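Morning, everyone. Let me put the structure up, and then we'll walk through it.

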Amino acid sequence: MLKVIAACGNGMGTSQIIKMKIGNVFKKLGIPVEVGHMSVGEALGQAQNYDVVFCSDSLKGTFKATPKTKIIGLKNLLSEQEIEAKVREAGLA
């Protein structure tokens, strides 16, 4: 099971919406996933404990990808099509 977090500035509204959209995409793709959400500040300290971090494109540079953790930036946070495309590009599906 993949461990995924959705990160936004405050860890409240936007990350919760991204979390729901990510869950929908992974369910559609048949990939078991555990999705959480938090602020960027929290996520910076926790990222190494997750397989994937989703955030807005503007925050992507804040994170450092590692062999274990992929960082995926989104232009349209509400687009399940973009999330699915990025998941496929990252080799997760």
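Start just past helix H4, at Gly91: its phi is positive, near 75°. Helices here are DSSP runs of H or I with at least four residues, strands are runs of E with at least two, and both are numbered from the N terminus. Before going on, the ground rules. This is a predicted model, where local features need pLDDT of at least 70, side-chain atom pairs count only at pLDDT 80 or more, and totals for chains, interfaces and linings use all residues. Residues are numbered from 1 along each chain as its sequence is written, and side-chain values use heavy atoms, with hydrogens and water left out.

Now H4 itself, residues 80–89. Which of its residues are buried? They are Glu82, Ile83, Glu84, Lys86 and Val87. Buried means under 20% relative accessible area, exposed means over 50%, and partly exposed is in between, with a 1.4 Å probe and protein chains only. What covers the buried residues of H4? The cover includes H1, E3, H3 and E4, with contact meaning heavy atoms within 4.5 Å.

Charged residues sit on that buried list, Glu82 and Lys86 among them. These two form a salt bridge, with the closest N and O atoms 3.5 Å apart. The rule for a salt bridge: a side-chain nitrogen of Lys or Arg within 4 Å of a carboxyl oxygen of Asp or Glu. Glu82 and Lys86 are four residues apart in H4, so about one helical turn separates them. Both are buried.

Next pair, again in H4. Glu84 bridges to Arg88, closest N and O atoms 3.0 Å apart. The spacing is four residues, about one turn of the helix. Glu84 is buried because its relative accessible area is 14%. Arg88 is at 45%, so Arg88 counts as partly exposed. Salt bridges that share partners join Lys28, Glu84 and Arg88 into one network.

So where is Lys28? In helix H1. Its side chain makes a polar contact with the side chain of Glu84, at 2.8 Å. A polar contact is a pair of N or O atoms within 3.5 Å; within protein, one must be able to donate a hydrogen and the other to accept it, and residues adjacent in sequence count only if both atoms are side-chain atoms. Buried or exposed, then, for Lys28? Exposed, because its relative accessibility is 63%. For scale along H1, Lys28 and Ile18 are 10 residues apart in sequence and 15 Å apart in space, C-alpha to C-alpha.

How many salt bridges by this rule? Five. One of them joins the side chains of Lys68 and Asp51, 3.6 Å from N to O. This pair links distant parts of the chain, 17 residues apart: Lys68 is in the loop between H3 (57–60) and E4 (70–74), and Asp51 is in the loop between H2 (40–46) and E3. Lys68 has a relative accessible area of 43%, so Lys68 is partly exposed. Asp51, at 22%, also counts as partly exposed.

Last, the strands. E1, residues 2–8, is mostly covered, with six of its seven residues buried. E1 pairs with E2, residues 33–39, in the parallel sense over seven bridges. Pairing takes at least two DSSP bridges between the strands. E1 also pairs with E3, residues 52–56, again parallel, over three bridges. Take Val4: its bridge partner in E2 is Val35, and in E3 the partner is Val52.

Finally, E1, H1 (residues 13–29) and E2 make a right-handed β-α-β unit. Right-handed means that, with the strands pointing away from the viewer, the path from the first strand over the helix to the second runs clockwise. Over to you.
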